[in-house]
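Trainee: Before I use these labels, I want to see the reasoning behind them. Can we go through them one by one?

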Amino acid sequence: MPNPSLHSIPSVQAPLHLLLEADPSTELIAGYLHDCHCVVARLGEATVGVYLLKALGAETWELMNIAVAPEHQGRGIGALLLRHAIDQARQLGAKRLELGTGSFGHQLTFYQRAGFRVVAVEPDYFLTHYPEPLFENGLQHRDRLRLALTL
Ligand SMILES: CC(C)(COP(=O)(O)OP(=O)(O)OC[C@H]1O[C@@H](n2cnc3c(N)ncnc32)[C@H](O)[C@@H]1OP(=O)(O)O)[C@@H](O)C(=O)NCCC(=O)NCCS
């Protein structure tokens, strides 16, 4: 498989169908999309992945969303995007990169492999922020973990 190319684009042009793979709330996405740094992965003409970074403060940024098209998952594109997001945050002046994710599932392994550590738990986050229950592998997501990486 050819390597995807990575491109910075205006965040308002981010592919919503991919963002929804990571965050199934159009309302929440609309709330953070406009002031994000956006990078997409392309294979030829097709956009196959995306991430969004947002400044929380001068030296702390958050990875707001990262997703790979389902038919292209499991081939290293997510890991490529995550490494790029970490480097990009560093170049933007970040000393710390944070994110929120579910308390179980392969995403947690994915982030911890890149060095992220669990720094907090937000109990019932997914129950209070999403209108529909979120299930993965037959288990309902309830609590959100905050993860952080020192850059
Ligand atoms: C999380 C995500 C971005 C990973 O992208 P990807 O391109 O599939 O990831 P990679 O191919 O780079 O795999 C990296 C590691 O993630 C893990 N992984 C990825 N997909 C997995 C799956 N479906 N099941 C189990 N592990 C998986 C593996 O441990 C893999 O390590 P390996 O190299 O030993 O196989 C992708 O699964 C995705 O878009 N998921 C839906 C959106 C989402 O959940 N985003 C994160 C919200 S917190």
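Trainee: What makes the pair of A79 and the ligand a polar contact?
Mentor: Keep in mind that this is a predicted model. A polar backbone atom of A79 is 2.8 Å from an oxygen atom of the ligand. The cut-off is 3.5 Å between N or O atoms, so the pair counts. A backbone N or O atom of V68 also lies 2.8 Å from a ligand oxygen. For G76, the backbone N or O atom lies 2.7 Å from an oxygen atom of the ligand.

Trainee: How much of the ligand does the protein bury?
Mentor: The protein buries 69% of the 900 Å² that the ligand exposes when taken alone. The space taken by the ligand is the largest pocket. There are 18 residues around the ligand, and V68, G74, G76, G78 and R113 come nearest.

Trainee: Why is the pair of Y111 and F116 called edge-to-face?
Mentor: Look at the distance of the centres and the angle of the planes. The ring centres of Y111 and F116 are 5.9 Å apart, and the planes are at 70°. Centres within 6.5 Å make a pair, and planes over 60 degrees apart make that pair edge-to-face. So Y111 and F116 are edge-to-face. A search of the whole structure finds four aromatic pairs. Ring pairs also link F110, Y111 and F116 into a cluster.

Trainee: Why do Y111 and F116 count as buried?
Mentor: Buried means under 20% relative accessible area. Y111 has 8%, so Y111 is buried. F116 has 2%, so F116 is buried too.

Trainee: Where does the charged end of R144 sit?
Mentor: The charged end of R144 sits over the ring of Y125, 3.8 Å from the ring centre. The distance cut-off is 6 Å.

Methods: Residues numbered from 1 in each chain as written. Predicted model: local features only at pLDDT ≥ 70, side-chain atom pairs only at ≥ 80, totals over all residues. Heavy atoms only, no water. Phe/Tyr/Trp six-rings, centres within 6.5 Å; stacked < 30°, edge-to-face > 60°. Buried < 20%, exposed > 50% of the residue type's maximum accessible area, 1.4 Å probe, protein only. Lys NZ or Arg CZ within 6 Å of the ring centre and 35° of its normal. Near = heavy atom within 4 Å. Polar contact = N/O pair within 3.5 Å; in protein donor to acceptor, adjacent residues only side chain to side chain. Areas by Shrake-Rupley, 256 points an atom, 1.4 Å probe, with all protein chains shown as cover. 1 Å grid on protein atoms, 1.4 Å probe; cavity = no way out; pocket = protein on both sides within 12 Å on 5 of 7 lines; lining within 4 Å. Sits in = over half its atoms within 2 Å of the grid points.
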